[in-house]
Structure formats: structure tokens, C-alpha cells
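Work through the exercises below with the structure in view. Try each task before reading its solution.

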Amino acid sequence: MDELLTQASVIRKSQAGEDDNFLELSVQESSGSRDAKEKAQIQQKPPSSPEDALEALRHEPDYDSLISVLNFLSRHETPGSSFPFIKLPGPKAAQLVQVLVLEIVPNYWALLVEDVHQAKISGLKLLLYCLSSITGINAILVRLKALIQEAKTEATTKVRRPDISLNLGILLDLLCRVLQGDGWLPEAWKIATMGQEGLSRVRPRVQEIVATFGGGRVISLAAEAEEVAKSSNSSKMLDNVWPADSLQYAQWLGRNITTVANAHLTPEEMKFGSDLFAKGLRLGHSDTLIKQLISELVLKNEADPEKFGLLLNSLPLTEQRKVLSSVLKLFSAEHLDRLGQCESDDTKPVISAVAGSLSSILASNDNGKRCLVEWLTASSGAGLGEGVGIRRAVLAVISQQRDDLVTVLEKSLSQFGDQLYIKHSPTLQQEGPAPGRWRARFLGMVVGEALSGLVDKGDKRLNFKMEETDQGEGRWYKSLTEVSDKIGTLDPLRKAPIDIPCRKPQAERVSLHRPAPQPPRTGFIIEELSDEEGLEEEHIVPYAKPDSDAEDSDDDATLVTRNKPKAPVYIRDLIKYLRDTESYDHQKLALTTAPTLIRRKADFGTEVSEHAEELATLLVGLSDKFEIDNFDDLRVQGMIALVVAKSAVMGLWFAKTFFDGDYSISQRASILVVLGLSAREVAGFETSEYAAAASFPSKSLPERVECLYLGNSPSKQSSSVLKALPPNALDHIATSLTSKFLAPLAATAADAATGPDILKLSTFTSRLDQQQPDDNQPNNPKIKYKSARGIVPTPTSAQSPTPPPP
């Protein structure tokens, strides 16, 4: 039905003269109420203060009164301020903004939009000006969120309210119009920081602006409200809700940050712009935001690239790396990739311009220059998939510092010859500093000849005399040593791009594998297939499969626990485990180890005495959070061990805790159980199962061995199967070992020292002594033989060597 009706004109009557009297008399005659009189008086009286304006807005003003109030609010300024009162942060301004958003906008929006081009003083422009503050944006967002929640409730209760989608469309249109413009955020910054207020009041306001516009709050609420409004056919004002589009919002944010950076910068204002920049990088369109800033702050005529560098300096180091990587990709894609291998002289000004822009951006940023060095020497390859132009530009910037250039050269050469890197790197990555196998051999020869050409002269230059290194690609690589790019001006980048003819780098690549000779064509056609295309992938060696681990035998990999805690061996470790109430393993180990560890450490040092009360407090207050098996028994045994270890101190402590401690009935009952069982154990009526396991190894020998060294009773000796050794047992063992092992070794050593047997001489007396051994020493005869060094006595035995013949 609405489509069949067409609006012809809008006619409004003024309230002057007789019409005013007639309206006043009609109100008095029809209603006769006091509120109607007050309302008419408020509408006729122009506002003179913010309180009057608030009162007029709350009493449903007519259109002319509304325009009068908006005109007053847009011009009324407080002393010492250059902004209207309604834009300043304060409770009264917040009330005015709230009334405008909740009551005035839904009721008068259609009239305000119609009169935007008809009236001399546009009410819509006045309204937008009054709401163009952080207070107004927050009020709109809060109202959007409330309407979205009401729409969700309507969907569950199945009660349709057409006004919800209509109001959502009005608020979205209002949000788009309020945020329009590139100077919105600088004005919000000035309003938040004006005056002589302290930093404690200014900082929260600035943080609120950064969180509201730098985060995704505006985008998320606008997108959700647009989706809810579009679900109903009653909304017709949703043609272009740009705040709901993250790409358009990122562009708007970039333009506002540019306005902040181009202003007369103070350190605080630059920090504000950097915070907005850092927040905007997380909106999902970081490349778009960076491109917007580069085009406005670097590539635009009369732009100052150092301002972009100031924004970059205030970012964290990780964010600086991401931004610089995006900047390099942007320069490469927009200006350098079309140059190909950059062989023409016309490409040098463009490369110098890119180097000049990078140098200006990083003029006062040492961290940024280190990031460029890391980019050039990264294991993933510098500019992977990009042309050589961007690497030449970065090298021109790095070459300004000799130390940085030496670092790049050393790391590149180290990576170039790394065999492990060559074997396991992807093919595309190997085309950078260290390509795979046959390419590595080709580039190795090229690099060798190029470096030799720089150092050696004449015939001493290295020359492999290979066709591949002297043609096409090889000659191009060797010509890179003669390239020296300089820092230039940015004029070539600011002009329209000129098409520079370039040669594709892959067109003249010479294969190192010469094709096999073709067989003569006969009746049968034999086609020889070559596997050269897959050579690089075949030579890439995969990493070895790791050894199997017993802990990985579980089918579910998420259940494997590699860092298993060890049982505590000190009382302080036991206390730490008991305090860790979030770890099941620590709690279980502490409970199972506590009875044994406390008993073992009772008389060994002062650990238990120093931490006894702390241990008791932890054990009494411990709860079974993980439902551990035998939890109550283990906890009670730990407390019993404390009482048994330090009876005089801990018995009194547990008795006092039972009456004075703030514990539950079950915990008090466990204290009574501990006192009873520990008293029986101390008295000797019971023996704990943990007592034997807690005993330290003593210095006494086992009973069966001890009886061999101490005089025992006959009963103990009869029960042992071992017999006592004689007093000279050790002497007999020593003599036996000497005769059986040491004597043959000594004889063999003597023979080796005196030479062969044929050269040995002995006297008649020695032979006689050999034939008639001494009766006094039948078990240990001695033989004397003469050698070149004299008569040497040699002990003999059953294994002694035979004396030499005379």
C-alpha cells in the first residue's frame, strides 16, 4: 500500500499570532490540565541553559521547538572551552544525548531527513553535530544492543513487533551519518584531553576511544543489527551500512589515523594514533589498513614518510615485524614485481625510490632495521615468491650500516651451504638462498666464479668453463656483483607507473641435464620419458620417524602425559604438592608419600619439626576434590605420622585445634580418630604398616653375617648354616692368589726382559739346586739363572717356565 502513495508536499503552520492563542485555548478547553499549560509554556520559551533544553526535550516538543533546542545545544559553550557543552564529557551532557537517541530520533527522524535540503537551518545537521562525540556513539551502540536483544526475545516468544526493525534501521542510518568524515577521531581526542584535568581522568577517556573505535565493537553491533533488520521486510533504509563492513570500516579508520598523524604531533597524540593503528591491525584487514596509511603518509605528494615511521616506532616489536613485512609485500606487488629481473637501467630509479621510502620510514627506528636483517636471513626465504627488486631495495637500506651488511652476508653464506637445509627445504624455498641438489651445484659454481672475480685478477680467476655458467641465467647472477643501488627520492613512486619491458626469469634457464640423442624414426615410435621435473622432490630426504615411546601406546594422543611428577623426597616438596589443589597427580603423590616420608624424616634433621604445624594444617583442611581412592585413610595416616614423630608438640596442637580451630564436624571427627590411633601406636599397642617402610638402613650387619665376627650363643650358631673361618684365613687366601696369579706374571715379565732362552746361561750350582731342591721349602722352590745382566732369582710354581739348559 505504501508504494501506491506518493508524497506531494509538506506544509507546516507557524505558531505566531492567532494560531498560538487558538492552540493555547484549544488545549485548555480540551484537556484542562496543568501539564498541558506547562508544556505549551516550555515550547514557547527558548532555552537559555542545558537544563531548559533537557526539560524541553522531555516534554515532546514540536518540530520548531526541536530545531530551536538543537540550535541552542550546538552553540552553547562553557567558559574556557571551544566545544559545545553537549560534546563535553559530563552527566548533564550524557542525559541530553540519551534523550536525543531514545526519544527524539525515533519520532522525528523522517521529518529531519526530509528537511535536510529544504530548510535554511537543517535540523538533521544540528542533530548529527550534537551526537558526534564518544558519548553519542556509545548511546547509539547501547540502544542497538538493547534492540537486538529484544528482537531475539521476540523470536523466542513469537510476538512480532514491527517497530524493532524500523528503529534498528533508523539507528544504523544515524550511525553511518554520525561517523561520516575523516576528522572524527582527532576531534574526539581533543575533546577528551582539553582542559587542565589530570592524567588520571584523561587516560580513561582516551582508552575508551581506542577500545570503541579500534576494536570490533562498532563492526559487530552494526553487522548484527543489519542482519536482524534485514530479516524483516519493514525496513527500507539499509542500502549501504558501511560500519557493518569491516573492509570499509578499516579504510575509514586508516583515513582518521592519517588525519591524526598529519596534525601537529605531540608524544601523547602520536601514542593515541599508534594505539589505534595497533588495534586496527586485528580487525582482519591489516593489509588494507597499511595500504591506506602508506598511500596517504608516504606515496602522496608532499607527504612525510617519517610520520608513518613515528606511528611504527610506538608499536610492539612483534607488530613492527608484521607491519614491515606487509609494507615490503605492498612495495613489491605495486611497484617492483612488474620489473622482472630488473636488468634495465630504467628500473634503478624505482628500486632507489623504494629504498628511499624504507630508509625514511626507519630513519629513527633501529628495531625496524634489525627486522629487515632478520627478513633477509630468515630460514623461510627472503621475499619468498617475490621478485628480486624488493631484495635489492632492502639491501640498499641495510648497506648504510657495515655491521648489518656483514651479518647478512655471513648468515646467507652459512645457510647457502647447509646440507640439512638443502635436503629438507621445499622446492620454492630452495630457489632462495639454498636450492636443491642440481640447482645448488649450478649456483655454487656461479657464486664461486662471481666471488673469485671480485678478489682475483687475470688468469687466477676461478672459471669452471661450463656452458651453463656463461650464458643466460648464469651470466645474470654473476652480474649482480656489479649492482650497487642507492637511496633515492620518492618521485618515481608518486608518478603513474610506466610499463618497463622485462624478461621472464624462467625463460632462459639452462638445464644441466643434456637431452639424450633421439633414436632414428622407424615404423615404431619410441618416446623417452624424462623424470627431470620430479628430481628435486625425489632428492628431498624426509625426516626420520621417531622411535616408539611406551607412553605413546595409548590410542588417544591427548591422554598421554609426558611430564609426570616425581614423588617428593623433602618436606618442602610435600608441602608444595599439598598446596597445589589444581593438580590431581600432585595431590595423589602427596597423600601416598606423606605417611612414609614424615616417619622417615622424623629423627633425620629438623625438616619435620620446622614444618610440622604447617603440614598438619594442610592435612586437616584438605578436601577430596578429585575423588582419590582411600583419600580419608591416607589423610589420617599422614596426621598419625606427625603425632608419632613429634608426640609432645603435635599431640597438644591437635587437641587445641579440635576445640579452637574453624573446621567442620567431619574434620573434627578425623582429628579425634588421629589422636586415638596415634596414642595407641605411641603406647605400643599397635604398629603401623608404614613404620617398617619408613626406617632408614642401619649400620648393623644381617644376623647370619654378624655371627661370623661376634661371639654368639650356641643356639644362634647352630641355626646358621655358615661356619666360622680360621684366624689365618685371609693370609691363606693372599698366599694362594700370589702363587697362582702373580708368580706366572712375574716370570713371564722376566723372560721378556732377558731375551730368548737360547741366550740364557746358568751355572752348575743353579742346575744342582734345581735337581736337589731344598727340603725346608718344598712348596716354594727358587731357581737362579744367569742372564746378560747377572743372576736373577725367579719364584717358580706349577706354571713357572722351565729353566734354560746349561
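**Exercise 1: Disulfides**

Find how many disulfides the structure holds.

Solution. The structure, a predicted model, holds zero disulfides. Now take two cysteines and ask whether they are buried or exposed. The cut-off for buried is under 20% relative accessible area. C176 has 7% relative accessibility, so C176 counts as buried. C371 has a relative accessible area of 8%, so C371 is buried too.

**Exercise 2: Confidence**

Find the chain's average pLDDT, then look at residues 533-537 and 712-720.

Solution. Start with the whole chain. Its pLDDT averages 76, and 70% of the residues score at least 70. Next, go to residues 533-537. There pLDDT stays under 50, and the model has six contacts beyond four places in sequence. Residues 712-720 are also below 50, with six contacts beyond near neighbours in sequence. Where pLDDT is low, the predicted coordinates should not be read in detail.

**Exercise 3: Cores**

Which residues touch the most other members of the largest nonpolar core?

Solution. This core has 123 residues, and F213, F277, I294 and F308 touch the most other members. Helix α5, residues 91-114, gives the most to this core: eleven residues. Now follow F277. Beyond four places in sequence, its contacts include I257, L289, F308 and V323. A second, separate core has 34 residues, among them L591, L619, V643 and I671.

**Exercise 4: Helix α16**

Compare the reach of α16 with its expected span.

Solution. Helix α16 covers residues 317-336, 20 in number. From first C-alpha to last it reaches 27 Å, close to the 28 Å expected. Then check burial. Buried residues in α16 include V323, L324, F331 and H335.

Conventions: Residues are numbered from 1 along each chain as its sequence is written. This is a predicted model: local features need pLDDT of at least 70, side-chain atom pairs count only at pLDDT 80 or more; totals for chains, interfaces and linings use all residues. Side-chain values use heavy atoms; hydrogens and water are left out. Helices (H or I, at least four residues) and strands (E, at least two) are DSSP runs, numbered from the N terminus. The expected span of a helix is 1.5 Å times one less than its number of residues. Buried means under 20% relative accessible area, exposed over 50%, partly exposed in between (1.4 Å probe, protein chains only). pLDDT is the predictor's confidence in each residue, from 0 to 100. Contact means heavy atoms within 4.5 Å. A nonpolar core is a set of buried Ala, Val, Leu, Ile, Met, Phe, Trp, Tyr and Cys residues joined through side-chain atoms within 4.5 Å. A disulfide is a pair of cysteine sulfur atoms within 2.5 Å.
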